[in-house]
Each structure stands twice: as C-alpha cells, then as structure tokens.
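Hello,

Here is the structure I promised to pass on to you. Have a look at it first, and then read on for some notes on what turned up.

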Protein chains: 4
Amino acid sequence: MRLLFLGDVVGKAGRTAVTDKLPGLIAELKLDCVVINGENAAHGFGITEAIYEELLDAGADCVTLGNHSWDQREALVFIDRAPRLVRPVNYPSGTPGRGAALIEAKNGAQVLVVNVMGRVFMDAMDDPFAAVEREVERAPLGRVADAIVVDIHAEATSEKQVMGHVLDGRVSLVVGTHTHVPTADHRVLSGGTAFQTDVGMCGDYDGVIGMDRAEPLRRMREKTPGGKFEPAGGPATLSGIIVDIGANGLATAVTPLRVGGVLAPT
Amino acid sequence: MRLLFLGDVVGKAGRTAVTDKLPGLIAELKLDCVVINGENAAHGFGITEAIYEELLDAGADCVTLGNHSWDQREALVFIDRAPRLVRPVNYPSGTPGRGAALIEAKNGAQVLVVNVMGRVFMDAMDDPFAAVEREVERAPLGRVADAIVVDIHAEATSEKQVMGHVLDGRVSLVVGTHTHVPTADHRVLSGGTAFQTDVGMCGDYDGVIGMDRAEPLRRMREKTPGGKFEPAGGPATLSGIIVDIGANGLATAVTPLRVGGVLAPT
Amino acid sequence: MRLLFLGDVVGKAGRTAVTDKLPGLIAELKLDCVVINGENAAHGFGITEAIYEELLDAGADCVTLGNHSWDQREALVFIDRAPRLVRPVNYPSGTPGRGAALIEAKNGAQVLVVNVMGRVFMDAMDDPFAAVEREVERAPLGRVADAIVVDIHAEATSEKQVMGHVLDGRVSLVVGTHTHVPTADHRVLSGGTAFQTDVGMCGDYDGVIGMDRAEPLRRMREKTPGGKFEPAGGPATLSGIIVDIGANGLATAVTPLRVGGVLAPT
Amino acid sequence: MRLLFLGDVVGKAGRTAVTDKLPGLIAELKLDCVVINGENAAHGFGITEAIYEELLDAGADCVTLGNHSWDQREALVFIDRAPRLVRPVNYPSGTPGRGAALIEAKNGAQVLVVNVMGRVFMDAMDDPFAAVEREVERAPLGRVADAIVVDIHAEATSEKQVMGHVLDGRVSLVVGTHTHVPTADHRVLSGGTAFQTDVGMCGDYDGVIGMDRAEPLRRMREKTPGGKFEPAGGPATLSGIIVDIGANGLATAVTPLRVGGVLAPT
Ligand SMILES: [Fe+2]
Ligand SMILES: [Fe+2]
Ligand SMILES: [Fe+2]
Ligand SMILES: [Fe+2]
Ligand SMILES: [Fe+2]
Ligand SMILES: [Fe+2]
Ligand SMILES: [Fe+2]
Ligand SMILES: [Fe+2]
C-alpha cells in the first residue's frame, strides 16, 4: 500500500493547497492512506470541527495534532466525536480525545496512527517513548495493524532520531513535525521503518514558519509585543512524504513530496 | 564566483569525508571559496589546531564554530593565531578570537564570513541580529566585501528564517547550522540572498545527530548517566550548499550538496 | 539614609496593601526612599499610567519592571513621560523608556535605580552584567550617586547571587525579584552591599505566585487551556527589604519587611 | 511528633554542619524524625554510599535526592541496598532505587517520604503530580502513614506551590528543595499541611548556591569553560524546617531552622 503524510497545515494558504491538490494526488499517486498534521490549520492556531471535516473531505484518512492542539478550545469538545482526529498520546490521563487510532484506510487496511509530543525544548509531557511503546504493543505491526504511522511532534532533531531508531522494524513510518521545515534525510532505516526528521509544513514558506514575516521580524529584534501573528498568505507548498509499504507493514520506499510555493519541487 | 558551505563536521567520519572528497569537488565544481563549520570536528566536541589545519589543507578557506567552540580548551588559545577560524560574533566582548573575518578566497575575492549563535533554546548570548548588522555595516557587500556568508548556528527554524529575511539583499548567503540535519528549503530569497534553514552535518547520519546511537537511545529513555557520547563511525555524508554569486555579491543560484553515506545524494 | 524596596505588586490585593500601609511605614520607619517593582500591578500583568501614579502617590520614589513590562501596551508609550519608571536595562537599544534612573529621594539624595533582567530560564536579553556595569560606571557610588539600587529580575538563584557578588562594594543593594517568594538570605555582603536573592511579592500568598490558585492547579496537571489567570483576592502581604545606607553609599544594615496576609510577620 | 527536614547538603562544609550540629539538635529539640536532601553531599555532586551512611549516623532517618542523584555513578548501584535513600519518584519505570519509602522513625512512627522532581525549567520527567498521588494513595495519612513528607525538587516557585495546595490536608509537609536558598514563606496551609517553597541548603551561603564563587562569577560573564565548580569551603548554615505533627498526621506548627554561617539565625 501507499501512504502519504502531510506536515502541519498552516492557515488558509495551507488548507487551500490541501483541498486543491490532494484529491488529484490521491488519484494520480494511487494513495491508499493520507495522514495530515492539522495543528495549525485554523488561522495558524489549532483546529476547528469544520476544518477537520474539510481535511477529511479533501481525502485525509486521519488528522494529527501537536502543541497547538487546543488553541481553538472547541477541539477539547469535538475531538470526542471525531474518531479520525488524534492528539499527542503523552498528554496526562484524562485528556479529551485519543493519542492513537486504528483507522480503516481507503484500501481497507488497518492503519494505526500515533501522535506523540517530544519533550526537549517543549512543554513537560509524559515519556514519549514509553507512551508510543504501549500503543505499538496494543496493535502490533503485521498482526493487528497493516501499517503504523508515528507522528513525533518535536523540536530537537536528536529526540526525533532516537524515536526513529527505537521503533525501527516495528512501525512503517516515524515522521517528525513541528519545525515547519522539511528535512532532506528521508530514508528507510535498516530495520525497514521509513524516517524523516521533519516533514515540513503545508504553508507559505516565504513567511517565518508559515506566519506573515512582518511581526516575527520585528518582535525577535525589538522584544516588545505588538501586532498579532497572522498566517502568511502567499502560495503554499504542499509538503509531505510518500511511503510504499509492503505486506509485512514495513517500508519499501520513501519519496519526499513538495508541490507549489517557493520551495524546489520534488 | 562559486562558494561551498559545508555543515558541522562530526568526528573522524566527518573529517575523512572532507579530506577525501573536498579536493576533488573544488576542482570539479570550480569552487572559489569553501567555508566549513568545524565545531564538532574533534571527536564530536570542538576543534584542535591540528584539525583546523587539516581542514584548511583539504581546501577550506574559512572554518566557523558554534556552541561547541571551546570544548577543546586549546581553541581558546590557538584561535588568536588562526586568522581563518571564526567563532560566534555574539560572545561577550573580550572573548578570544573573532566573530567575523574578511578572508581572501581562492580567486582573490574578499569574502566576509560571520558566525553567530541563535538564542532560542540556546545559551544566553548577546543580540545576534544587532551583532551581525554591525559586521555587515563594517564591510558592506559590493563595496568592501565581494561576498558575505552568515553562518547562523541556532536551534529554532524561526530564528534562522528571521535572520535570512532581515539580511536579504545585503549578504550572499545566510545558512543555518547546529541541528545536524539538512533542510530542503534551500533557495534564493527575493532580495538575492541564498538561504537554507540548516545545511546539515558532515557525519554519519545513521547515528543520532552524528553520534553513535547506543548511548543517546539509552539515555533519552532511562534518564541516567552512563557511557560517553562517541561519534558514529559509519560512512559520512558530506552535506553542504553551493552558491553561485554574481558581481554584485548576491546569489544567482543555490544547489544542495549531499555526497556519500546513507542520505539520498543530490 | 534608609531605603525600602518592595517586591512585585500583584493586582488589586497588592496595590491595596501598598496604598494602605506604605504611607504609615514611611513615617514610622523614617524612610528616605522607596522603590517598588510594579510589573504585575495591573491585574497581575504589567502596569498602567494610572497605577504608576497611584504607586507614586502612595510614596514610591521609583517603580521598576521586568518580563511583564509591556503586558499593558500603554506602558510602551507613557513610560517616556514617566521619569521614575524603570524597565530592564538590557532590552535592545531603541526600546522605549530607560533602564536606569538617577532620582531625587525624599531626603534630597541622588539614588540610581537600575532594573535588569536575568537570562537563565528567561527570555533572550543582552548581557545583564555588562549592562549594569555601564550604568554603575556612569553614576559611581559616592561620587554621582548617594545610593545605588539594582533590581535583578530573574529566575535562577545562581544568576542573582552572581550579580550580588559582582557588584559587592560598588552598589548599596542588589535585590532579586520575579519569583514572588521572599528568601531568607538577606544580609550585607562582605564588601558592603545589601543582598537578598528575592524580596518576594506584595500580593496574596495563599494563591500561586499571587494568582488565584484554581487555574494554576488545574492547568499544571491537565495541560489544557481553560480559565484565565486572575490575581488572588485575599489579603496581601507587603514584602520588602529595608536597607540602612551610610554616607559612603554602602549598606550598614538590612531588615526584611513582611506585613499582613498569611506569611509570618517580621 | 516532631520532624526536621534539612535542605540540600553541599559538599564537606554542608556535611560538617550536619555531623557537628544534628546530634545536638535531635536531643535538644526532641526530634522524632530527620529527613535530609543529600543530592549535593559528595563534593557538590551526588552522593556516595559512605556519605549516605555518614548522614544516617548523624541522625538522618531518610535521605532524599534530586537532579544530581546519579552524579556519583555508584549511587545507581548502592541505592538498591540503601532502604532509606529515596530518589525522585517520577524517573522512568526501571530506574534503580525507590521514589518513596515508608520508614520507621525514632519514635516508631511510620513516615512516608516521597521525593519528586518538578519539570518547569528542569529535565523532562513523568508527571510529578500523578506520581505523588499514587504514593499517597498507597499509604494514606492516618491509616498507613503516621506522617507524610513530600520533597519537591524543583526550580519554579509556581510548581512547588501547586504541589503544596494539591496535597494540602493529605500530607504532613510539602517542602521544596533545589534552589539552595531558603524562602520565608513557611506556614501551615489551611488544610493542615506544612509548606515552604524552598528549605534552602546546608552549605556555605557566601558562595554561589554553595559553590566557590570564583568560577560561577567568571563563567556567567565570560561564557567560556575554565576551572571546575568546587564547593565553597566557608562555614555552612544548617538550613531546615521543623514541623510539629499531630495524631492525625497533619501539621500543627512549623518553624524554620537556620544555624551557623552567614545567614541570619532563626
Ligand atoms: Fe506546527
Ligand atoms: Fe507544533
Ligand atoms: Fe554541531
Ligand atoms: Fe551546535
Ligand atoms: Fe513578577
Ligand atoms: Fe517577572
Ligand atoms: Fe541541590
Ligand atoms: Fe537540584
């Protein structure tokens, strides 16, 4: 089967890129499963129920989140009736929603999607490694799950790489999100797990991590509050990773996808 | 003129890749100037005088540093007799060495190399933006300097992107180092400055940020001290960015370079 | 002369304690100078012009700030017409207001008040040590200034203690603010500078750092957004330090002051 | 019963204060239980088996640790044969030793001692609140435990205060350690739990958090490596908190203890 993971969708520019291009890509690339990180889909901050459904309508089989999960407070409520919306698994027990979901893909395959937050330079969360282990043990690759995708939403390259190596051979894909810049280290690890330190964002790369650059440029130098952070409105690059997955659930090939906007296309 | 910037050289594997491949690349690509970040060249931590000279012998015109500048204490001393070694410019006044150097390139061009450290998720340093401004004003592009290279050694993608946009049109290249993973967002900004959020490392990408992965994998999960961090010893990828620079000092083209090791070649 | 420094005034409870008690204390203790940290005076976040004047009316000769300086945006404007309002000196050049002020005290003495922000676990600022040195050199103790007060607004005890020792013998008082809890290490250092790692806040100590405790208790465990942070409304403790200063500008005695609320009185 | 908690013992100066003064204090104050934080007892960094036994011999009934638990690697081994040595409870599962111990005090009472690490500005650990809850539920106050002591080893005053309020009425004492400076906010909370944001250290307060001040003063300003951090060798202040505990396990009175060294005595 063939799976596409798209990085953090940022605001209207990012959503437009998804709705415009994803349906065609699904047909063209014969995609069996699409997972999208949607933590910045609502004007750069969080996600609403309408946007969650917009992403599903465009072809997403599952939507993941991150440190911006609850920026739109309604997410704390509608996540419980949104079975394909996955928030970081290492939030405290009692947090609304789920940290992992076994979803049925377009081809009928059972795909386990786990979202987890790193802790280096991030908020204090429970152990991401122990949390993911528990989910993977519950739906082992090749027995319960036909494919397993782990979205590690983290800042430090080291923590994401450790997650990749720890899970190598037991999941189909470990992919980083959160930095909003794609890395060029996509590959299949020796155990058969596809890996990319960060998949990048679906947003306008001519801003600063997808936001209009005026305010970040001012604030980082002047250290005073001022205007709001607004998503950059230029054409977005759809940024993702395509993984070919064998019958055993492991990756056979990995291809970066970058379409539109200012980045060099793949 | 054509310039190559190579990211953080990590340990013996990284140095071997440089000494083996750089001389050939200089000839083949007709490189006029080579700048290398050497902060991890000495067994992963800092740089020695012998290694500094090894990098110059291999073809480097200038070597930059970062948060690991002084891991080998001798660097605090020999840097004052090493005119092509540049440490972050925003260290406190009185720090040994220099934060910027106007060097003569292979083609006789005057190239200003500035090294600066970011502050987001990094150690407390003086304002990186003000510090770089001062250096660029001292040797303006097209008047004093034929090319200007700014190595922003930083963790956060946002801080590096702000540096790129702030300097766009006034320097030849703003390139990030420190995360040890190349980003796929290399391009020429609208004002004519080449930019890449992080150039990646020259090291073995099958480790964790260039270090043997056994200890990082153990320590990040077990949270106890243990073995030492050792550089990974597998074949290194030479990771850099090639910039074509016009007569006005601005970039006309930018090409990522990745050769050897486990990464997809360019 | 005798000087009183009062720590971070938090919201209405803190302001009421100041306006109710400070006039009497000035008379009773024969205070020649009162400096108050007002960074949380406006409902816990920043300061307004009306509140700045309320503090002066209550007897403050000078008001200092901190990381909350600009929470009320009007402070960016009115600070330029508020000569006794001092914001951290190590903000970038160009920041509104001043980082040090030489003010005339009630007894006609010239008192230099410097406000500076630490960098450990705080926002990225310029070097606090170099910045304070410059101010102290401009108005040396015993020659230009009859007394010098340095309010180091910082998180880490180590950074505050380093500031105390670095300035020992050259200023009258180095006092920490920001943690909102008074420390019991007030004393005169060997060189004659009065020191206290943190002077504590003027606020309701039955909350969490002066804020109503419901929301901090919930948020720190549940990790979701929710209610607002509101100042705690119970009776505040006025928390400060009294310094007796000799003709040479150095401290001869130091006495903690804690009046009202739930803390043990001094 | 009457319990004494002593803060972080730093190096030889701190140990000497303990061994010289604790036996007399036990007799004089009729102490039934003594708990000491020993994370810096071995030359400022960690603890050895010999020092653990030295502290027991001086009268400690229990020794707690913190972020320096394993600075002396032997602690990873001997902790398993040291039933009265308690390391932070929120280390990952599988960590040597224990995070809580039900010990028999001098008067035969069963005292539950829990050590826990905060996460704000500290290393990434599991949820401190959930971890302490589990221990307290296992040995509830008044039923299993005659007294419960929680040592929250943390940086931020807010996190320590939240722990105090969360546990108020269910434990005898919540006391902070780690900042090495005693706070003046000791009191019995409304539910009957004794609380102090930080108990301070047993060490030489004329250094920087108990270390000789030459190196911290140099390094914090010069930002280069250099000499080692060595414990300050001047006379130490024994810094602790005395809690009187009723038959129901709750606190009836709380008194700070500061003896020797440069701090004002209690
Ligand atoms: Fe994001
Ligand atoms: Fe994020
Ligand atoms: Fe590096
Ligand atoms: Fe680095
Ligand atoms: Fe404050
Ligand atoms: Fe503050
Ligand atoms: Fe300590
Ligand atoms: Fe500690």
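How much area do chain A and chain B bury between them? About 3,400 Å² is buried between the two chains, with 64% of it on carbon and sulfur atoms; buried area here is the accessible area (1.4 Å probe) that two parts lose on being put together, summed over both.

Before going further, a word on the conventions. This is a predicted model, in which local features need pLDDT of at least 70 and side-chain atom pairs count only at pLDDT 80 or more, while totals for chains, interfaces and linings use all residues. Residues are numbered from 1 along each chain as its sequence is written, chains are lettered from A and ligands numbered from 1 in the order in which they are written, and side-chain values use heavy atoms, with hydrogens and water left out.

Back to the interface. Chain A brings 38 residues to the contact and chain B brings 38 residues (contact means heavy atoms within 4.5 Å). Two salt bridges are counted between chain A and chain B (a side-chain nitrogen of Lys or Arg within 4 Å of a carboxyl oxygen of Asp or Glu). Arg187(B) and Asp206(A) meet through their side chains in a salt bridge, at 3.5 Å from N to O.

Now to the metals, starting in chain C. The iron ion (ligand 5) has as protein donors Asp8(C) (OD), Glu39(C) (OE), Asn40(C) (OD1) and His180(C) (NE2), at 2.1 to 2.2 Å. Donors are N, O and S atoms within 2.8 Å of the metal (3.2 Å for Na, K and Ca); water is not among the atoms, so sites may look incomplete. Along the chain, the donors of this iron ion (ligand 5) are spaced D-x30-E-N-x139-H. Glu39(C) also bridges the iron ion (ligand 5) to the iron ion (ligand 6), and the two ions lie 3.4 Å apart.

Chain D has a site to look at as well. There, Glu39(D) (OE), Asn67(D) (OD1), His153(D) (NE2) and His178(D) (ND1) coordinate the iron ion (ligand 8) at 2.1 to 2.2 Å. The spacing of these donor residues in sequence is E-x27-N-x85-H-x24-H. Glu39(D) coordinates both the iron ion (ligand 8) and the iron ion (ligand 7), which are 3.4 Å apart.

Enjoy exploring it!

Best wishes
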